[in-house]
Structures are given as C-alpha cells and as structure tokens.
Amino acid sequence: LHKRRRMVCVAALVGLCIFSFVLAGNNKNGDGGDDGDVTTSLSSLIGMRSSDNEDANPNEKDDPPNLMAEAPPELDQETISAVEQAAERPCLINGDFTADPPTSNWYFVHSELKAIVEDNTNVMSIIHRTNQQWGGIWQNIPSSCLEEGSWYEVRAYYHLVSSANEEEEYKCDPTIYWNNNVESCPAISIRVDKDVTEIGRSVGPFSTEEGTWNEIYGTFRVTNDMLHRGVSIFVAGAPIQANIILQNISLTKKANSQDIITGKSLPDDDDDDNSCSSSSIIKNGNAETGDYRYWFIRGEGGEGSGEIQISSPGYGNTGYALKHVGYRNQRWRGLLQKLSDVKEDCLVVGSTWKITAVFKYFLEEEGGGEVPLECIKSDPYAVHSCPVFQVDFFTPGTQDFVSTGPMANEDTEEFQVYDWNRLEHTLEIVEEMVVHSDVWIYINSVEEGFNYEIDEIEMIRVD
C-alpha cells in the first residue's frame, strides 16, 4: 500500500477544501484529484472474520494489512463552521455512481475500480483484487452527519463475475460466516480509526440469474467513539477469483428505534433495560423477511454443510420457515446467528433468557422427497436427538471460550411426527460469559444425514 494524503475539494457542498486521509494506495480512479505528499502513517485493520478449517476455533484470523491515517490538521473557526454547515450532506456520497467521474468519493485497496453500465444503470466493478478479505472499495464518512445513539442501516446490491471471464457469473454462499472461503460473499464493514467491524452481510438465498442483484444489508448504532475518530465504510470479502460489481450503496439513519426489517425494538441508550426485555433479540427468527438474512450455517460451507431454504407456509400455516436441507456431515452443522451486537446491552450478568422455537424432523430421500420422522426430545446427546440450541461466548484471537454445550429441551410434550414440536431452553448469564466479546447461538445435535425445519425462534429475557 502506498501511504499518502489527498486534498479533496468539496466546493459543491461548502465552498472549501478540507484534508481527507486515504486508506489505500493508488487512487487513479478515486476523486480525480492530484496525488498528495506521502505523509500518512498506517496501522492495522482488525476484527474481520476468517477461519482456516471448518471446525476451527472461531477466534482465528488472518493478519490484515496496515491501514490507518494520522490525526487531521487543526482547522480554523471559519473552516469548522463551513464543515458544520455540510452536516446536512448525505453521510455517503455518490452511492449510485452517477457523479462525474463515477468513481468520485470512492477509493480502493488491493484492487482497482472500473465504472461500467449494466441495463442502462451506472455500476462499479471492483477488479484486479489481490486480497480476499481486504480487496474492495471504501469511502470516508464525516462524523458530523452521524448522531450518537441513533441506529443506521447499510445496503448495497451486487453480483459477482469471474475475474478470468467477465461473462461468467460467480456464485457465493451467504450461509458461510467466514470471509476467507472460496465461496464467501462480500460484506459491508465500518472502520473506526484502526478497528473494523462487519455491519452488513449478504442476504440469502443467492441468485446468479441474469439481471438479478443480490443484497447486502445490516444495521449499526453510532457510539461516542465514532464521533471522535475517523470513520469509513468498506465493501470487500469475496474471493479474488471474483470481480465484485456494486450498485447503489446506501447509508441511512433509521426513522426510529425499531428494526426496519423485523419491526422489533432495538436497544436504546435512554432505556434502563435497553429495550432487551420487550422483544426477542433473535433477528428474522421466523423468516418474516422471506429470506434468511442474519442466518448462517456453522462450518465453512461446501459438501457436508447442507443449505438453507425458505419454506412456506410456516408454523400455523402462515408466513415462512427456515429449512436446513441437503447432506449434513456433522451434528454441529446447524443454523447459526451472531448475537455480538446485542451482547453489551442485553446479555448482562444475572439476566435469564428463554430460548424457544418450533421444529420438524425429517430425512431426505434420494429422489427429493421428505420422510417425516420422530426424534428424541429428552436427550441432546442421543443418536437421533431432536434439534437443540447451543450458545458460545468467545473472544477472537484467543483460545478461551465458554459454551453451554447442546442444551436440554425443557418441553415435555409428546413428539408429533407430522406436526410442529416445541423447543425450549433457559439460559442464565454469568460473569464468565460476559467477559467475551462475541456470542453465537446455533442448532446442534441433529444426527449426520438428517434434516430439520424450524420456525418462531425467539430469545426473550424473562427475569
């Protein structure tokens, strides 16, 4: 990476030029300005997800490139006032790539940018990517447009083509959590100074149908730290064998504290219990979005992982449900959701949580049919155990973790082969759990080769 400072003119907004520090090297496709002096110092991007094997400790990470800008120069009062007036500007500029040039305001790292037109729409192709985790596109976000404590959502639409043959669509798998897999999908991250956190993930199911755009979606809450450190939005994560073609990247403030997708309350700094006791902290627990956003399959994809399908109708003969189909080669290969974004606010010491769901258990026939079967509800370690949940607390970069193991089903109702069956667990949060930064909840104990359908997944505080 080339270390440099760039002067960016924003005359159209405030009639002045301010300094902007650039993450990545050669920005010939950037905002069109001249290269500045080589003055910036760089330090590391951290916090991205990666794993080297399917049963790896979830804490393992590849070493990131060094990417951090030095402190900006002091500004006089006139400049500060002008910048404050610019607070009404969109947080993210030229997200639809319609500016002149289309690459304006965008920078790249371990890659190059090529503006193209598809279906009469301006799009951006990220080409010549030399690093899977970091080869992508980014833009600085002024802290003046962010409001502390408020929730924001990020979206982007994309498809992938082979870097060797741009006429050939490249398929990724949104169920893969890691970003160093040959089938990993791109994601949106927020960089705060040197720290990087993924905030938007690819929504499944993925489509390679011509003319179809796949979605990346996520939410984040603005912290005080973001208002006093450099912030940028970053899109990367697909294999280097793929060019990422992006359309319409957006960053918008949410109108209220409810999740736009689920309609459920989000944590609120002004609420003593952070709204955690009013609704489930599981997102899209009944596939109400009609897709499987927020859900992954534990492991690294490929043969033996199976796949997620959206079935309809779901429980109560309405809506949708999540179905884990295909060949599974391990009991722990189940649906997974990350709870780290609510851990700090909700999973506090002494709190007690009720985890519930309804499920069906079946075997897929070679011809594609399904045979409903009975499983054992009372013993999560039995050969033909019914699905149960497991919750893991861990800290990336260490081997230390706390796990509930496969939790016993507390529901004692007789199993119904052709109907939905209830799943219920109780989880009490203890000190050993909250010292860790990351939390996973996932399905475990379904025997190799068998499948399940699940709906109405909730995790609600009960004390």
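## Strand 19 and its neighbours

In the hairpin formed by strand 19 and strand 20, six residues lie between the strands, and Gly397 takes a positive phi near 90 degrees. Keep in mind as you explore that this is a predicted model.

Let's follow strand 19 itself. Is it buried or exposed? Seven of the seven residues of this strand, residues 388-394, are buried, so strand 19 is largely enclosed by the rest of the structure. Here, buried means under 20% relative accessible area. The cover reaches both faces of the strand. On one side you will find Val388, Gln390, Asp392 and Phe394, all buried. On the other side sit Phe389, Val391 and Phe393, and these are buried as well.

Which strands pair with strand 19? There is strand 22, and there is also strand 20, as the table shows.

| Partner of strand 19 | Residues | Bridges | Direction | Example of bridge partners |
|---|---|---|---|---|
| Strand 22 | residues 438-444 | seven bridges | antiparallel | Phe389 and Ile443 |
| Strand 20 | residues 401-403 | three bridges | antiparallel | Phe393 and Val402 |

Now step back to the whole protein. Its secondary structure comes to four helices and 23 strands. Of the 463 residues in the protein, 51% are buried. The accessible surface comes to about 20,100 Å², and carbon and sulfur atoms account for 45% of it.

How do contacts span the sequence? Take the contacts between residues at least 6 apart in sequence: 73% of them join residues at least 24 apart.

Terms used:
Residues numbered from 1 in each chain as written. Predicted model: local features only at pLDDT ≥ 70, side-chain atom pairs only at ≥ 80, totals over all residues. Heavy atoms only, no water. Buried < 20%, exposed > 50% of the residue type's maximum accessible area, 1.4 Å probe, protein only. Helix = DSSP H or I, 4+ residues; strand = E, 2+ residues; numbered from the N terminus. Pairing = 2+ DSSP bridges. Contact = heavy atoms within 4.5 Å. Areas by Shrake-Rupley, 256 points an atom, 1.4 Å probe, with all protein chains shown as cover.
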